[in-house]
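Please look over the chain below and its fold. The report that follows takes up a few residues and the strands around them.

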Amino acid sequence: MALKGMSLICLLFIATSVFSISRAQNPMAFRRKHLTLLDTIDHNTCNSEMRNKRIAMTRDGCKKLNTFIHAREEVIDATCTVGKVHVIKGQKYKKSISKFRVTNCRLSGEYPNDCEYMAEKSAWKYIVISCDQNDRPVHFAGTLNW
């Protein structure tokens, strides 16, 4: 009976680890999906960035929303080292200490093998991210106004 209990605990640990790994990205994927040096992103730019950076299509269809952060890599990386801990549903993230200009590209239409996006007006917001063991961003969790 004790062996069966240990097996169940091991299985639960493995399942939790796989879930955590599947949500995490690597720093290169984070940069590709969320960083931009563009000053502005309009509807046309939203569509081209989502396609060119291979963000639009997921295994479940078109990605519903992607947020671009208008900043240099090293500025965003600093959030991992100097950001404040922010907890969402029991998971620890880092919240930036200053606001970043962000633009959301939101899905406006889904067609066979094609996704159309609309740019939302850019806004200044705090970013919330998770970081790897080397203090590099790996997952964008969202934005906050406060």
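## His-70 and its surroundings

This is a predicted model. Setting aside neighbours within four places in sequence, His-70 is in contact with Thr-36, Leu-38, Asp-39, Thr-40, Ile-41, Arg-101, Val-102, Thr-103 and Ser-122. His-70 belongs to strand β4.

Is His-70 buried or exposed? Its relative accessibility is 12%. The cut-off for buried is under 20%, so His-70 counts as buried. The side chain of His-70 also has a polar partner: one of its polar atoms lies 2.7 Å from the backbone oxygen of Leu-38. Leu-38 appears in the contact list of His-70 as well.

## Thr-67 in the same strand

Strand β4 covers residues 65-70, and Thr-67 lies in it. Thr-67 has a relative accessibility of 6% and therefore counts as buried.

Which residues does Thr-67 touch, leaving aside neighbours within four places in sequence? They are Lys-33, His-34, Val-102, Thr-103, Asn-104 and Phe-140. Asn-104 comes up in two further ways. The side chains of Thr-67 and Asn-104 are joined by a polar contact of 2.5 Å. Asn-104 is also the bridge partner of Thr-67 in β7.

Val-102 and Thr-103 are among the contacts of Thr-67. Val-102 and Thr-103 are also among the contacts of His-70.

## Strand β7 and its partners

How many bridges join β4 to β7? There are six, and the strands run antiparallel. Strand β7 spans residues 100-111.

Strand β9, residues 123-131, pairs with β7 too. Three bridges join them, again antiparallel. Here Val-102 stands opposite Ala-123 in β9. Val-102 is thus placed in two settings: it faces Ala-123 across the bridge, and it is in contact with His-70.

Strand β8, residues 114-119, is another antiparallel partner of β7, over six bridges. Gly-109 stands opposite Glu-116 in β8. The hairpin of β7 and β8 has two residues between the strands. In that hairpin, Asn-113 takes a positive phi near 60°.

## Rings and charge

How many aromatic pairs does a search of the whole structure find? The result is zero.

A ring does take part in a charge contact. The charged end of Lys-95 sits over the ring of Tyr-126. The distance to the ring centre is 4.6 Å.

Note on methods:
Residues are numbered from 1 along each chain as its sequence is written. This is a predicted model: local features need pLDDT of at least 70, side-chain atom pairs count only at pLDDT 80 or more; totals for chains, interfaces and linings use all residues. Side-chain values use heavy atoms; hydrogens and water are left out. Helices (H or I, at least four residues) and strands (E, at least two) are DSSP runs, numbered from the N terminus. Buried means under 20% relative accessible area, exposed over 50%, partly exposed in between (1.4 Å probe, protein chains only). A polar contact is a pair of N or O atoms within 3.5 Å; within protein, one must be able to donate a hydrogen and the other to accept it, and residues adjacent in sequence count only if both atoms are side-chain atoms. Contact means heavy atoms within 4.5 Å. Rings of Phe, Tyr and Trp (its six-membered ring) pair if their centres lie within 6.5 Å; planes under 30 degrees apart count as stacked, over 60 as edge-to-face and the rest as tilted. A charge sits over a ring if NZ of Lys or CZ of Arg is within 6 Å of the ring centre and within 35 degrees of the ring normal. Two strands pair if DSSP finds at least two bridges between them.
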